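Visitor: Please take one part of this model and look at it closely, then set it beside a few others.

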Amino acid sequence: MAKLANYRFAVRMMAEGWLSGRHRAKGRGSGSDFLEYRAYAPGDDLRLIDWRVYARTDRLQLKTFENETHLECHLFVDSSASMSFRELGPLSKLAYASHFAACLAWLVVRGTDRVSLQLFDEQIRYILPPGSTAAHLNECLSHLEHNKAGGRTCLPLALERSRHLLARPGSVIIISDFLCEPESLFEALNPYVHRGCRVVLVQVLDPAELDLVDSGLARYVDLETGERITFNIENLRAAYAERMREHRAQLHAMAASRGMLFLSATTDQSFYPLFDALSS
């Protein structure tokens with residue numbers, strides 16, 4: 001926690017730099033000019049509600065002002081069965097992703113910005129709207145702490161369903177193994193970019209997924225379908241490593257061509273290089 005606290009400016013740099021950019025927007029601040037009313041949304045600060053308007057109309061309306069915007073960070077955590085994989089790393093991919101998301105949520109709220117959380121496999125299993133209070137953060141951390149692997153994954157479908165749940169554009173950080181077809185993934189991500197979201201893809205893999213362990217004849221089981229396959233690793237090791245390298249290179253290239261940031265980590269690595277990359 002002490003080391004993480006040194007990143008107190010990291011999320012602010014994200015907001016001021018690549019991810020968000022400070023600009024005149026709807027917000028609240030002393031000496032700001034009144035802009036307009038807008039409807040209350042779950043997670044908004046109750047202190048912004050105009051209770052006189054509520055008394056007259058029985059509707060919760062918030063005053064908005066011309067002010068510097070705050071970062072709104074949407075965390076998407078892949079919680080499918082494949083994320084439960086663990087062989088060479090100290091944590092499963094899901095545990096690593098959940099811990100990393102918890103650190104990000106803590107940093108965002110610590111910077112007085114708003115964070116939301118979505119846990120998904122093929123379906124959206126849990127959604128927490130944006131908020132910035134201590135109680136909101138505690139709820140977010142609690143769900144990440146008790147996050148369990150679910151069923152099959154269909155990342156493009158989950159992203160398509162999640163898109164309509166974002167009330168405002170912001171920074172979308174997706175944490176997954178991204179073991180899917182890149183074309184369908186980025187087709188599902190294009191509408192987020194068109195809405196003005198800034199997208200970051202964080203790929204989490206076990207070290208064993210980059211290079212097959214040399215153990216002769218081996219049987220592998222698909223965690224999501226139960227399908228089994230037996231083969232001699234030496235016959236496929238080189239081809240597998242090359243295919244994985246090409247897959248990651250394609251994800252990186254397609255993300256860069258769309259103005260997205262692609263980061264990768266293995267479960268035996270520290271989180272801090274990821275924080276450095278996000279705040280650079």
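Guide: Contact here means heavy atoms within 4.5 Å, and on that rule His 247 touches Phe 178, Leu 179, Cys 180, Pro 182 and Gln 203, residues up to four places away in sequence being left out of the list. The model is predicted, with pLDDT of at least 70 required for local features and 80 or more for side-chain atom pairs, while totals for chains, interfaces and linings use all residues. Residues are numbered from 1 along each chain as its sequence is written, and side-chain values rest on heavy atoms, without hydrogens or water.

His 247 sits in helix α8, residues 233-257 (helices are DSSP runs of H or I of at least four residues, strands are E runs of at least two, both numbered from the N terminus). With a relative accessible area of 15%, His 247 is buried (under 20%; exposed is over 50% and partly exposed lies in between, with a 1.4 Å probe and protein chains only). Phe 178, one of the residues that His 247 touches, offers its backbone oxygen to the side chain of His 247 at 2.9 Å.

Ser 79 can be read in a similar way. Ser 79 belongs to the loop between β4 (72-78) and α4, and it is buried, its relative accessible area being 0%. The side chains of Ser 79 and Asn 147 make a polar contact of 3.0 Å (N or O atoms within 3.5 Å, one able to donate a hydrogen and the other to accept it within protein, with sequence-adjacent residues counted only between side-chain atoms). Beyond four places in sequence, the residues that Ser 79 touches include Leu 94, Phe 120, Asp 121, Arg 125 and Lys 148.

The helix that follows this loop, α4 (residues 93-110), packs against α5 (residues 134-145) at an angle of about 175°, with their axes 9 Å apart. The pair is therefore roughly antiparallel, a term for angles over 145 degrees. From α4 the contact draws on Ser 98, Ala 101, Ala 102, Ala 105, Trp 106 and Val 109, and from α5 on Leu 137, Cys 140, Leu 141 and Leu 144. These residues comprise nine nonpolar, one polar and no charged.

Arg 198, in strand β8 (residues 198-205), is partly exposed, with a relative accessible area of 32%. Its C-alpha atom lies 6.8 Å from that of Met 260, although the two residues are 62 residues apart along the chain.

Terms used
Axes fitted to C-alpha atoms, helices over the stretch in contact; angles between N-to-C directions. Parallel < 35°, antiparallel > 145°, perpendicular 65-115°, else oblique. Nonpolar A, V, L, I, M, F, W, Y, C, P; charged D, E, K, R; others polar.
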